[in-house]
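User: I have a single chain in front of me and would like a careful reading of one part of it. Please start with the overall surface and then move to that part.

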Amino acid sequence: MPGPRGFDKGVGDEHLLPLMKSFSRRIRREAGYTLFEIMLVLGIIAVLVGSAIYLLVGNLDVAKEARVEADIQSIRTQLRVYEMQNLWPPTTEQGLQALVKRPGGDPPPRRWRQLLAEIPLDPWGIPYKYYWPGKKNPQGFDLLSSGADRQEGTADDIGNSRGE
């Protein structure tokens with residue numbers, strides 16, 4: 001007598017049928033992941049990603065401060081070049097734009113040339129503050145970023161007079 005799919009059913013094959021059913025159920029059960037296993041893995045991944053973000057946030061603040069210090073050093077160098085060419089740095093009114101385009105007002109620059117293509121903004125999107133004569137450095141100029149709080153005169157200000 002032919003069995004399923006054209007195989008001949010032999011004598012004694014009856015005991016194989018329950019074993020095959022049991023084996024196929026076990027394969028189906030072991031072939032995929034349960035919802036619990038998937039949710040457990042997703043939970044572990046979420047905890048790891050959250051921890052990494054938490055640890056990197058502090059590094060972002062350090063990187064922003066380092067960028068401010070590099071910008072200030074670059075602008076400060078160009079202000080020194082401007083001062084050497086014109087015998088004085090730009091006034092507070094002329095501002096840092098004097099490094100980008102010829103300033104008006106007194107004192108007029110004697111030998112002006114463009115020293116920067118544009119004045120960078122600090123990492124918080126605020127223009128750098130420039131004062132000549134300086135408030136903290138009356139013999140020279142003050143150049144500063146108002147920091148993360150965007151308010152001048154607070155503890156997080158970063159400027160050329162910070163370490164001087």
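How much area does the chain expose, and what share of it do carbon and sulfur atoms supply? After that, please take a close look at helix α2 and what surrounds it.

Analyst: This is a predicted model, in which local features need pLDDT of at least 70 and side-chain atom pairs count only at pLDDT 80 or more, while totals for chains, interfaces and linings use all residues. Residues are numbered from 1 along each chain as its sequence is written, and side-chain values use heavy atoms, with hydrogens and water left out.

The chain exposes about 11800 Å², of which carbon and sulfur atoms supply 62% (Shrake-Rupley method, 1.4 Å probe, with only the protein chains shown counting as cover for residues). Of its 164 residues, 27% count as buried (under 20% relative accessible area, with exposed meaning over 50% and partly exposed in between; 1.4 Å probe, protein chains only). The chain has two helices and three strands, which run α-α-β-β-β from the N terminus on (DSSP runs numbered from the N terminus, H or I of at least four residues for helices and E of at least two for strands).

Helix α2 spans residues 35–86, and this helix lies across β1, β2 and β3, running at about 155° to β2 (axes are lines fitted to C-alpha atoms, for helices over the stretch in contact, with angles from 0 to 180 degrees between N-to-C directions). The three strands form an open sheet in the order β1-β2-β3, with antiparallel pairing (two strands pair if DSSP finds at least two bridges between them). Its edge strands, β1 and β3, each pair on one side only. Between β2, residues 142–145, and β3 there are two bridges, and L144 has G159 in β3 as its bridge partner.

The largest nonpolar core has 18 residues, and I75, L79, L96, L99, Y128 and L143 have the most contacts inside it (buried Ala, Val, Leu, Ile, Met, Phe, Trp, Tyr and Cys residues joined through side-chain atoms within 4.5 Å). Helix α2 gives five residues, the largest share of this core. Leaving aside residues up to four places away in sequence, L99 touches I75, Q78, L79 and Y82, together with Q114, L115, L116 and I119 (contact means heavy atoms within 4.5 Å). Q78, found in helix α2, counts as buried because its relative accessible area is 18%, and beyond that same sequence window Q78 touches L99, L115 and L116.

Helix α2 also carries charged pairs, and the structure holds three salt bridges (a side-chain nitrogen of Lys or Arg within 4 Å of a carboxyl oxygen of Asp or Glu). R67 and D71 meet at 3.4 Å, N to O, and both lie in α2, four residues apart, about one turn of the helix. R67 is partly exposed at 37% relative accessible area, whereas D71 is buried at 14%. E83 and R80 meet at 3.3 Å, N to O, and these two also lie in α2, three residues apart; E83 is partly exposed at 26% relative accessibility, and R80 is partly exposed at 37%.

Following the end of α2, the loop between α2 and β1 (129–131) holds R110, which counts as exposed because its relative accessibility is 54%. Not counting residues up to four places away in sequence, R110 touches N86, L87 and W88, and the C-alpha atoms of R110 and W88 are separated by 9.9 Å.
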